[in-house]
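Colleague: I would like to know what lies behind some of the labels put on this model. Could we go through them in turn?

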Amino acid sequence: MKNWMQNTILSPIRRRTFMKWGAAVGGATAAGGLPFKSIASTPDTTANPNDKQTFWSACLVNCGSRCALRVHTENGVITQIETDNRGDDTEFGQHQIRACLRGRSIKHRVYNPDRLKYPMKRVGKRGEGRFERISWDEALDLMADKLKYTLKEYGNDAVHITYGSGTQGIRTDGKDCFKRLMNLTGGFLDYYGNYSWGQIQFALPFTYGNKKAAAYGSYTTEIENAELLVMFGYNPAETRMSGGGEIHEHISAQRKRNIRTIIIDPRYTDTMLGKEEQWIPIRPGTDAALVEGIAHVLITENLVDQAFLDAYCQGYDEKTLPASAPENGHYKAHILGLGPDGIEKTPKWASQITGIQEKQIIQLAREIGTAKPCFITQGTGIQRQSNGEQTSRVIVMLPILTGNIGLSGTNTGDMPANYGYPAPRLPVGDNPIKTRVTFFNWVEAIWRHEEMTDKTAGLLGGEKLNNPIKFIISCASNVLMNQHAELKRQAEIIGDESLCEFIVVCDNHMTASARYADLLLPDVTNLENTEVSSDGYSSGSMGALFPLERAIQPLYETKSVYEMCSELSKRFDLYDEFTEGRTHDEWLEYLYAERMKQDPNIPSLAELREQGPYQVVAPKEGRIALEDFRKDPNANPVGTPSGRIEIYSTKLETIAKEWELVEGDIITPLPQYVVSWDSHLDPRAKDYPLQICGYHTKGRTHSTYHNIPWLREVVFDGLWMNPIDAAKRGLTSGDSIKVWNDRGELRMAVKVTPRIMPGVAALGQGAWYSPDKKGIDQGGCVNTLTSQRSTPLSKGNGQHSILVEVAKA
Ligand SMILES: Nc1nc2c(c(=O)[nH]1)N[C@H]1C(S)=C(S)[C@@H](COP(=O)(O)OP(=O)(O)OC[C@H]3O[C@@H](n4cnc5c(=O)[nH]c(N)nc54)[C@H](O)[C@@H]3O)O[C@H]1N2
Ligand SMILES: Nc1nc2c(c(=O)[nH]1)N[C@H]1C(S)=C(S)[C@@H](COP(=O)(O)OP(=O)(O)OC[C@H]3O[C@@H](n4cnc5c(=O)[nH]c(N)nc54)[C@H](O)[C@@H]3O)O[C@H]1N2
Ligand code: SF4
Ligand SMILES: [Mo]
């Protein structure tokens with residue numbers, strides 16, 4: 001593996017330290033094979049001198065799950081990782097929260113040749129990846145000086161803390177410490193929304209009112225009461241892999257009554273593999289056209305629930321259309337071809353767009369129209385398309401049209417809801433800077449902040465930005481370079497030292513983002529820290545508190561973020577305010593004690609550490625979304641202006657009139673299929689005829705766990721291609737290919753498989769971006785090919801909309 005990483009100062013020491021641990025932990029594959037200088041420090045073995053010990057810990061990455069780990073150490077070195085070994089799987093709520101292969105391989109993430117070991121400052125050009133080791137004092141002085149300069153010269157709103165989900169489960173340490181400190185200095189430019197659900201979470205409140213929980217759907221446990229289960233791009237077998245949580249409940253509910261399951265996805269996913277009755281492959285970005293074709297059948301064959309639409313909804317037909325709407329502005333007219341576009345959304349019309357046979361659409365419509373109750377759900381890969389806001393709103397039209405809402409066995413069409421059991425959390429304080437950018441177009445705020453307003457860029461809490469972003473803190477985040485889109489363009493913006501003047505990266509590993517740092521702060525991993533974590537956000541109907549013990553002492557010169565920020569706070573005369581007199585471990589104890597006051601049932605901290613995760617089953621009430629509304633819509637209106645489900649949204653009618661949109665962007669009061677950029681109907685498809693369907697692979701969590709050779713062997717990392725497309729290009733499995741469009745090019749291997757539909761290729765996101773000297777990515781990172789254009793409504797990420805061409809390399 002030859003890439004830019006070998007140019008960093010880290011490379012000489014990588015092999016040696018890794019081999020030393022390799023011997024201690026029973027051998028592992030070492031990356032790279034260069035000679036080395038011996039400047040490595042050894043793991044601290046003084047911490048746990050009594051030979052063998054076992055500690056509770058957990059995997060804290062952002063996969064939506066949270067799993068228990070048991071860490072075995074010998075003389076202060078991790079020897080083995082096991083997972084939850086308690087309880088009795090026959091009783092729900094007592095079952096083991098077993099980790100997937102990623103969590104079980106965490107030892108190799110801790111003892112990894114890519115570990116950041118010392119504070120380092122950049123030498124050479126930004127992005128070149130050359131660094132010089134410095135002391136902690138020098139590092140924190142440098143950060144404080146640059147930060148003070150930025151605050152004085154520009155203001156607090158020139159400082160941005162990026163999105164970053166690498167330590168999703170850390171709440172009393174980690175990146176929140178930076179937020180707490182920045183808030184004490186006068187605030188920072190924050191973001192809203194997230195790369196995961198930016199579009200659906202922005203769009204569905206127009207239909208259903210404000211969200212109370214993370215997701216607005218029913219719990220997956222409701223599946224067991226359904227007659228039919230229809231899932232759009234929902235893939236829990238790969239994206240919620242914990243032994244506790246969504247996939248566990250989904251499978252047991254489905255099995256209990258053998259519920260007929262139909263899955264719509266361009267890929268044949270692990271959620272299928274024989275557990276489905278029907279796989280309907282669909283062209284990416286066209287689910288809304290499929291649903292409109294289904295709606296046509298439901299309407300023309302009288303399968304809609306007219307009474308429900310009249311009593312609970314606004315804008316299905318003339319009767320409930322608000323006065324402000326144009327004539328024939330209602331949904332029925334739109335489907336029947338009587339609306340402004342004059343197109344009748346017949347199954348034949350939908351068939352041409354989606355690639356699904358007309359008769360299959362008709363059959364699907366009749367099944368959905370007659371199965372009561374029907375549980376309809378969607379994953380969030382669909383809304384990560386360029387027309388994702390519209391698609392998520394259109395999909396929820398199926399439960400709305402058929403009245404499958406608020407009743408046992410139904411869902412709103414949104415992703416499923418989950419129980420969350422709150423863990424202690426360090427207070428971050430109030431941010432005096434109220435204007436926020438979206439999680440995705442923060443990059444624009446670096447170079448064209450003057451053009452960004454509430455009406456052009458979706459700013460919240462203010463109408464304009466007074467300053468460009470001049471200082472970035474990126475902690476437990478890889479969006480600086482790997483996880484954001486269009487990386488060649490990104491490198492030009494981030495790499496320009498005259499734009500953003502200082503970049504601090506705090507991570508465990510030498511990532512693509514870390515390479516763009518001016519200052520590198522090496523963080524401890526969660527196995528080197530203490531914490532009490534909550535369940536992830538996809539734990540199904542079971543919440544939990546996970547104890548994390550410090551299994552080994554911090555390696556090298558790593559420090560926890562809390563420690564870094566405490567030291568930093570002294571340089572701003574804010575030490576007392578920041579620490580309130582507590583160390584991190586004291587905060588944890590204090591916050592846990594506060595938590596116990598709210599919920600006296602939870603075990604003490606000592607008991608928790610003794611017994612392992614504390615599991616709590618969600619109450620029965622509240623598991624069916626919109627149950628109260630269904631019972632009495634007047635007493636329990638939804639949070640829309642009308643209090644009804646707004647098929648026709650008056651808020652969107654106003655936004656469509658007032659916002660200044662980029663040419664080609666469409667916002668409509670009705671949910672509808674729209675052709676958007678990088679779809680198969682984009683004129684660019686002439687040059688780039690293949691769509692890529694991005695997805696989240698079980699081989700890693702985003703970019704985290706990518707640098708574990710075992711996982712790279714277990715899960716294939718290349719491009720999936722249908723035999724028909726491969727034959728056209730003379731490709732067979734294992735061939736080296738180049739994949740390109742006008743934004744970039746990458747090299748990888750191909751896997752020829754009927755698990756992906758013709759005309760579409762599939763590529764798991766999160767591989768490490770490794771451009772060579774010509775800028776060709778040798779790492780297989782899909783964001784080489786994605787677009788930085790933000791979506792019309794939420795100004796979010798359409799990172800699954802990709803057009804490419806492929807050839808043998
Ligand atoms: N193993 C693993 N698990 C993870 C993560 C990870 O990186 N790795 N990441 C976690 C995070 S942060 C998130 S946000 C979630 C993401 O969860 P999702 O967003 O649901 O995951 P994706 O894999 O992006 O998309 C789900 C499915 O949608 C399909 N799909 C893509 N485009 C379309 C389309 O236009 N139409 C249809 N019908 N299907 C489409 C994909 O093939 C995929 O099978 O996963 C979480 N879980
Ligand atoms: N093309 C495309 N791009 C995508 C997506 C997609 O589907 N397609 N998905 C998007 C989604 S849904 C998401 S949520 C984002 C995720 O984007 P990120 O939140 O950036 O996720 P990761 O790549 O896992 O990066 C987390 C970083 O945290 C670091 N880290 C892990 N543990 C620790 C720790 O203890 N301390 C510190 N300081 N750092 C730590 C890891 O080394 C890693 O660099 O990516 C988005 N990008
Ligand atoms: S990656 Fe997710 S499912 Fe796997 S062990 Fe970690 S928390 Fe559990
Ligand atoms: Mo995400």
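Modeller: The model is a predicted one, and the answers below cover a ligand site and a pair of helices.

Colleague: What makes Thr 380 a polar contact of ligand 1?

Modeller: A polar side-chain atom of Thr 380 is 2.5 Å from an oxygen atom of ligand 1. The cut-off is 3.5 Å between N or O atoms, so the pair counts. Backbone atoms take part as well: a polar one of Gly 285 lies 2.8 Å from a ligand oxygen, and a polar one of Cys 63 lies 3.0 Å from a ligand nitrogen.

Colleague: How much of ligand 1 does the protein cover?

Modeller: On its own the ligand has 900 Å² of accessible area, and the protein covers 99% of that. The ligand is surrounded by 36 residues, with Thr 239, Asp 265, Asp 287, Thr 380 and His 702 the closest. By class, 18 are polar, 9 nonpolar and 9 charged. Strand β21 gives the largest share, 3 residues.

Colleague: How do you know that α9 and α13 are in contact?

Modeller: Contact requires heavy atoms within 4.5 Å, and residues of both helices meet it, therefore the label holds. Among them are Leu 290 and Val 297 of α9, and Ile 361 and Arg 366 of α13. The axes of the two helices are 9 Å apart, at an angle of about 65°, and the crossing is right-handed.

Colleague: Which classes of residue make up the contact of α9 with α13?

Modeller: The contact has 9 nonpolar, 2 polar and 1 charged residues. Gly counts as polar, so Gly 293 of α9 and Gly 369 of α13 fall in the polar class.

Key:
Residues numbered from 1 in each chain as written. Chains lettered and ligands numbered in written order. Predicted model: local features only at pLDDT ≥ 70, side-chain atom pairs only at ≥ 80, totals over all residues. Heavy atoms only, no water. Axes fitted to C-alpha atoms, helices over the stretch in contact; angles between N-to-C directions. Helix = DSSP H or I, 4+ residues; strand = E, 2+ residues; numbered from the N terminus. Left-handed = near helix turned anticlockwise from the far one by under 90°. Near = heavy atom within 4 Å. Polar contact = N/O pair within 3.5 Å; in protein donor to acceptor, adjacent residues only side chain to side chain. Areas by Shrake-Rupley, 256 points an atom, 1.4 Å probe, with all protein chains shown as cover.
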